[in-house]
Amino acid sequence: MTIKTAGGDIVVTGLEYFDLEQTLRCGQCFRYHALPKGGYLCLAADKAVHAFDKGAGTLVLSGCTYEDFEGFWRGYFDLDRDYAALRRGINADPLLQEAMDACSGIRVLRQDFFETLISFIISANNNIPRIRGIVERLCARFGQPRFIGGETYYTFPRPQDLAARTLEELAPVRAGFRAKYILSAARMVLSGEINEADIRSLPLEKAREILMHIPGVGPKVAHCVLLYGAGRLTAFPADVWIRRVLRESYGGEDCDPAVFGPYAGLAQMYLFHHARITAGRAKAAPGAVMAAAR
DNA sequence: TGGCAGGGTCATA
DNA sequence: TATGACCCTGCC
């Protein structure tokens, strides 16, 4: 990997297994917007950047300082991890191999812990367009304004920005029954009852158990927070899509994720995204059997 | 225009 | 362990 600056942009070349679109659209994050000129506005925690995938392992970041790149985006996009080695650590059967080939550019974003926690609490019994809307309104109401490329965006609220709020104040966000969970989570993080360092370092099951003390956090959301917000690549969020894959191809929903190896979480991302794009194609094809229908 | 389902969790039985 | 309720909006 080589990093250069050119005309105020950060140009990263020589990336293996990197595809910006796959990485953003595989369901691990909710704050990104396609730009008219191509590329994406990526929002994360209190940062924003314009990101352009130029193909052939080249990523161009625009609108951020070199310090922000080094201090934040380089880690966020997981640019320093050797994905070839990671992939070798996955026990790939033919189906998983197909998914790994089709979605080879997915990277596990290293997202902000609190943002990930709140975002996936919001995801419960919800669809992606609506999740994105709720997250956007939450930021617009309780985050701080920032400016990039002449546009205003809002930072993700910090625990202290939400903890003292009331359900009435959250009503315009239209999170529904999840509003009370958002407030509880913010209060538990602010008070230290939920400690990010513990979630990152304790044994996975213990960390998951702690997260599940938060109202609105069940097994699935806890695993999402562990994988996307705490860098725990063994975490294995099993949603309806993955449960269906396990049921149809791995002998049942109770299949132990350990069969995929130490990076089961990454294997899950390949399987999840692959299942969704396959279902999308089946849906788009005229007369296609809805094999992926639940 | 209306009805359904949604990347889950919780309370209750 | 199973079932219904929860908010509300995108989508068919």
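When I say that one residue touches another, I mean contact, with heavy atoms within 4.5 Å. Hi everyone, and one thing before we go on: what we have here is a predicted model.

Let's start with that idea of touching, at G14. This glycine sits in a loop, the one that runs between β2 (9–13) and α1 (20–25). Leaving aside residues up to four places away in sequence, what does G14 touch? The partners are M1 and G57. M1 is 13 residues from G14 along the chain, and their C-alpha atoms are separated by 4.6 Å.

Next, helix packing, and α5 in particular. Two packed helices are described by the angle between their axes and the distance between the axes. Take α5, residues 113–122, and α6, residues 128–142: they pack at about 135°, and their axes are 9 Å apart. The two helices are therefore oblique to each other. For the handedness, α5 passes α6 in a right-handed crossing. On the α5 side the contact uses I118, S119 and I122, and on the α6 side it uses I131, I134, V135 and L138. Sorted by class, the residues of that contact are six nonpolar, one polar and no charged.

Now α5 again, with another partner. The axes of α5 and α12 come within 9 Å and cross at roughly 150°. How are α5 and α12 oriented, roughly parallel or roughly antiparallel? That angle makes α5 roughly antiparallel to α12, because angles over 145 degrees are put in that class. This crossing of α5 and α12 is right-handed. From α5 we have F113, T116, L117, F120 and I121, and they meet K220, V221, C224, V225, Y228 and G229 of α12. The classes here are eight nonpolar, two polar and one charged.

Helix α12 takes us to the DNA. Around DNA strand B there are 23 residues, and those that come nearest are G27, I128, G216, G218 and V221. You will remember V221 from the contact of α5 with α12. Three helices, α12 (219–229), α13 (240–249) and α14 (264–284), each supply at least two residues of the surface near DNA strand B. Which of them gives the most? It is α12, with three residues. By class, that surface has 13 nonpolar, six polar and four charged residues.

What part of DNA strand B is within 4 Å of the protein? Of those atoms, 55% belong to sugar or phosphate, and the rest to bases. Some individual distances may interest you. G218 has a backbone N or O atom 2.7 Å from a phosphate oxygen of DNA strand B. A polar backbone atom of V240 is 3.5 Å from a phosphate oxygen, while a polar backbone atom of N126 is 3.2 Å from a sugar or linking oxygen of this strand.

Finally, DNA strand C. Its surroundings are N125, P129, R130, R174, G176, F177, R178 and K180. Sugar and phosphate make up 69% of the strand C atoms that come within 4 Å of the protein. The surface near DNA strand C has two nonpolar, two polar and four charged residues. R174 places a polar side-chain atom 2.4 Å from a phosphate oxygen of DNA strand C. With N125, an N or O atom in the side chain lies 3.1 Å from a base nitrogen of the strand. For F177, a polar backbone atom is 3.5 Å from a sugar or linking oxygen of DNA strand C.

That's my tour, thanks for listening!

How values were computed:
Residues numbered from 1 in each chain as written. Chains lettered and ligands numbered in written order. Predicted model: local features only at pLDDT ≥ 70, side-chain atom pairs only at ≥ 80, totals over all residues. Heavy atoms only, no water. Axes fitted to C-alpha atoms, helices over the stretch in contact; angles between N-to-C directions. Helix = DSSP H or I, 4+ residues; strand = E, 2+ residues; numbered from the N terminus. Parallel < 35°, antiparallel > 145°, perpendicular 65-115°, else oblique. Left-handed = near helix turned anticlockwise from the far one by under 90°. Nonpolar A, V, L, I, M, F, W, Y, C, P; charged D, E, K, R; others polar. Near = heavy atom within 4 Å. Polar contact = N/O pair within 3.5 Å; in protein donor to acceptor, adjacent residues only side chain to side chain.
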